[in-house]
Every structure is written in C-alpha cells, then in structure tokens.
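Biologist: I am new to this structure and would like a close look at one part only: the loops. Please go through some residues there one by one, with backbone and surroundings.

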Amino acid sequence: PQGTGGPAPLLSLFFYVATDGQGTLEPHLENKSRLAAVTGTSEELGDFTLTFLRPTAENGEDPKYASYNYLDAASPGLHRLTEVVRSSLSNRFVFAPPGKPRRRFFAVDSFRGLPGAVGEPPHGRLLLHQVTLEPSGTVEVTFESGSVADRPGRLAGGALSAALAQHTAAFEQRFEETFGLGRKGFPASQRRFAQAALSDMLGGMGYFHGRSLVQSPLQEHPVPAPEAALFTAVPSRSFFPRGFLWDEGFHQLLLARWDPALSREVIAHWLDLMNAEGWIPREQILGEEARAKVPPEFLLQHSETANPPTLLLALQRLLPDAPLPYLRRLFPRLRAWYDWYNRTQAGPLPLTFRWRGRDPHPERFLNPKTLASGLDDYPRASHPSPDERHLDLRCWMALASRVLGEVAERLGEPSGPYREMEQALSDNRLLEQLHWAQELGAFADYGNHSSAVGLRWQRVVPAAPGRPPPDPQLVREVREAPQPRFVGALGYVSLFPLLLQLLRPDSPRLPTVLATMRNERQLWTPFGLRSLARDSPLYMQRNTQHDPPYWRGPVWVNINYLALRALHGYASASGPQRERAAELYRELRHNLVANLYRQYTESGFLWEQYSDSTGRGQGCHPFAGWSALVVLVMAEDY
C-alpha cells in the first residue's frame, strides 16, 4: 500500500491465458467460481499445466482472504483481449472479509461479444483468472511442463523458496571458489555486484538461427548467406540481441574462467560460421529477434571487412586444459582464419596491416569510421587510402601468430611459420620503425592525414517556390591538404604495443607509454583510461550531425581490462619499469572497480561506457557484455 490511514485499497490481479490460432485450453474450477488451474497444449510448449495458488500473507505462509472471478470467452485475437475483459466487467460483486466492512468491486462477469464482431470466427480461447485482495500479499502462479515425468512435487511456495536458497548457496560457493573475492577482502555488497555481472552475462546467452545478408566484391547484389546457427553471449540482450565477433572474445575471457566447456562450445560455434575463404562476419544478425534491433543500413555484412580476432585471447586462456580432439577440430578453421587476415588485410609494406572497409564517403564525416577495428569512430588517417598502416591490427596479428603457434605445438603440428611471424611482428626495432611517431612521442597509425579538418554547416540551396527549404547539413571542411604522415590521435590505439604486451620489459619506449597513460591531460582519469587524449584535436568531437563521439573520450572496460592485464604482466617481469607498472596497476584497478561499483549501486546497471569527466554510466544499458570483465579485474585473474 502506498497511502497511510483509511482502509487498505482493493487490488485486482488479472492473469490471462489465451490461444491464438492453435492450441487447446481446459479450465479446472474450484467451487464453481475460482479458476484453480488450466491444462493445455500448444505447438511451442507441448502439454502444460498452469496452477493458480491461493494468496498468502507476505510471509508466504499464512492464508490471505481474497475474492475470485474467472472468465471463459472466445478470443477475437490477442490484440483485442483488453476489449474483451473491459466489456465483461461488472460492479455487482462484493468483497466481504470476515469482521470487516463489505465493499463493491469490479470483476469479470460474462462475455456477450464485442460490437461489430458478430459472426466473426474466434481466433482462440481466453481463460482469465482474477484475484481481488487487500495488499500486501503474495499471489503465486506455477507453470509445469508435461515433458517432465514423475515430478516429486510442485515447485511452489516453501518448496520453491528452499530450492532457490539451495541453488543460491551453491552458486555463491562456486563463485567464491572460482574468483576468491571474499578471500581478497571484498565486502558482501561488492561480491553481490560481481555475481550480478557474471549472472547477467550468462543470462543473456542465446541460440540464434537464420541467414546473414552478405555483400561480396565478386557479386553485384547482396545475397543471403547459408543458414547458420550460433550459440553465443551478447553485449546486451535487450538492446544488442546478436553476436559481435570482437565482443565475443572478451565475453569468453570471463566465461572461460567460469565454465570452460561452455566457452569452448561458443568458440566452436563462431568458427563454424566461417565461409570457404576463411571470413567470419563481424555481426551475426540471425533470426527475427536480432533483425528487429538493427537499422536497415547495418544489416549488410561486407565479406572484405574484418574484426579483431579476440576469440584467440579466450582460446589462449583455455589452451592448457583444452582436450586435444577439440583442438584438432578447431585447428583447420584457425589456420583458414589466420590466412584470410594475412591475405586480405595486408598493408602497403611487408609486415604491415590495414583494416579494409573504412567509410567510403569521407566528405560526410569529420573522420571516416573504421568499423572493422571495433573502435568505430576512433580517429584514423583523415583521407582513407591503400597506404595506411594500422597499429592495432598489426598487434592483433602478432597475438594471432603466437596463439596459432601454441595450438600447433600442442597438436604436434609444424609451428615454424607462426613462430617466425610472431617473432617478426614482435621485433621492437621494426615496430618502432613502422609506427613510432617521434614528433608525437607515441606509437601511431600512418596514412594520408590532415589534422586541419572540421565540420561546417553547408549553405542551403534555396527551395523551389512553394516547397519547404531543405534542412542544412554538416559537411567536412579540410583546411590543410593531407599528406603521408603519422596520425596525431593519442589514445587506445597508441597503447596497443603495451596492451598486447609486445613491448619488451626493457624497451626504451615503455617509460614514455606509461607516462602518457598516467598523464591526466591525456589518458588518465579517476574512473579508468579514457579512449582519446583530452588534448587530442578530435577529443569528444561529433563525427556527423547525428553521430556523437563514441571512442573519442569515454572510458571502455574492455580496453581498461587489457591495460590492467598488461600492467600486471610488466609488474611481474624483471625490468626497469617494474615498480612503475605495479604502481599504475594498483591505481587503475582501484579507479575502475570503484567507479563501476558506484555506478551500479546508483543505477542498478552495468553500462556500455563511462564518462571520462564524471564517471557516470552512458550508452546502452543493461550492458553485461565486456563491462562484466570487472569480475576478472576484482579477482586479479588475467
């Protein structure tokens, strides 16, 4: 009850059970007025029983006085059930609890048909259970599938509470055995936060089935891909109910720790999506649920567009205990995937790489997006060209070479080509030659670039007489011609040689990278590392009139996890920066965990990203995708 004083208000709860076109329902009445249960069958559910238990007081034990009404009517269609119920209401009923005043109330009576619907064939059947009571109280409804034989008893009331308590205790024990947050001194409230993060990710997992829409350079028009099935986690089941290739590797870092067999199955599903060339579409828009959440312009998957091979991060974690038969089945697909990257994403020079598929109309964007990289609007060369060298992709390929070599050695297969490529891509001297920008004091992309770009309102051409004037548009203005140079965009991409631990512990560049990371005018915030330096020209700049900054300042958990993982590694390795790395690790871990927990307690959600100025969650929520990596950060499990 929300008010105080006076008699408690009457509350009526309506529970609808309806068929639509197929299926049967059978009511089971008690004392001719109370709908005690409904048995039925449908194509999706098979045989089932719904039982309406009598209300109880809040403690779930003591009986609660209630009045009961039910309605049995032909259904004119699910969209008109409210009309059916409304037309059936009558106020002739009296609520008469023992020793209390009697009160009239509205309840379903008899259904006499809807106006204008005479002669229309019914679409199905509606059974409605109405229970009227004075709050507060508990009304419990059970659903039992006919597929279960020899059920020991109904899972309801005290039996349900006891079973839930048993499962909760088992989950909490397994969670502590897996992540050890209690042993690390986290209080119960923060342990519950971490448990919720893991649970939300597990709860968002789904099985999707359908066809992707694919555009190949070999075909003039898009074509549907073959039917595919995918068992996967998702970033957000309500907002992004589909698989994302680079997100999934981060998801599986956490799930591989919780349930390695489950994680192995998900990775196998993703690799089974590979086409004959070795390409895996970066978004999996399979089935109606996924398609309903995707704007039409994003449905098309381009077969030359890659995505970071983050699944290899998770596979590397699973590798020591992965069964050999599993790895043997995976290895041909891993080889094909690796070869596809080397064949299709090669850069202009040996041992360089370039993301394909950047936005083809640069005049429309402050900086053309690179969706393939996963970092969408992160600033790259202002004028896309075949001469670009992308630092992050080169680092991903070094990781891929390392993991392919490890898998080959586990299987007794030749690992030489992978180890040689790993060694070449990890060569710090060559890395500096190709990607160290001396004038910027940072690692960087290289390409045809101008830093003197901006958005301006385009002059509107006068409308024809009698027509409304067209809306003005923001278009890109280039105030200085581009030239081949390193791209001055200090941020997450600049950190990739550290994030994937390609820099040697004694690298002369490591102190500069660590200083950049800790500089509050650049990447450091009290909430985690921001995605683009505050002194960068495109920091928090819109990309178009309708395209707010995305990877241009906010704090993202997945990259902060990689940074912590790397700092933890450098703090454990012998080298001149060992103590500095340990110091940054402790500070960054504290900042990230404290802010995610604070935002969770205030909002009840994990968020897609976090403001670098206030720490507030922003973007999509709930987002128990890679933001749930906070569990591994709390556990210091890298």
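Modeller: What follows goes through the loops residue by residue.

The model is predicted, so local features are reported only at pLDDT of at least 70 and side-chain atom pairs only at pLDDT 80 or more, while totals for chains, interfaces and linings use all residues. Numbering starts from 1 along each chain as its sequence is written, and side-chain values use heavy atoms, with hydrogens and water left out.

Lys32 sits in the loop between β2 (24-30) and β3 (34-42); strands (E, at least two residues) and helices (H or I, at least four) are DSSP runs, numbered from the N terminus. Lys32 is not a glycine, yet its phi is positive, about 65°. Most residues other than glycine have a negative phi, and most peptide bonds are trans. The side of Lys32 open to solvent can be put as a number: with a relative accessible area of 76%, Lys32 is exposed (exposed is over 50%, buried under 20%, partly exposed in between, with a 1.4 Å probe and protein chains only).

Further along, the loop between β8 (124-133) and β9 (141-145) holds Ser136. The peptide bond that leads from Pro135 into Ser136 is cis, and its omega is near 10°.

Ser494 belongs to the loop between β22 (483-486) and α12 (496-499). Its relative accessible area is 6%, so Ser494 counts as buried. Leaving aside residues up to four places away in sequence, Ser494 touches Tyr378, Leu391, Phe443 and Ala489, a contact being heavy atoms within 4.5 Å.

On the other side of α12 comes the loop that runs between α12 and α13 (510-518), and Gln501 lies in it. Gln501 is another residue with a positive phi, about 55°, although it is not a glycine. Gln501 has a relative accessibility of 31% and therefore counts as partly exposed.

Another cis peptide bond joins His621 to Pro622, with omega near -5°. Pro622 is placed in the loop between β26 (617-618) and α16 (630-635).

To sum up the backbone, positive phi is found at Lys32 and at Gln501, and cis bonds lead into Ser136 and Pro622. As to accessibility, Lys32 is exposed, Gln501 is partly exposed and Ser494 is buried.
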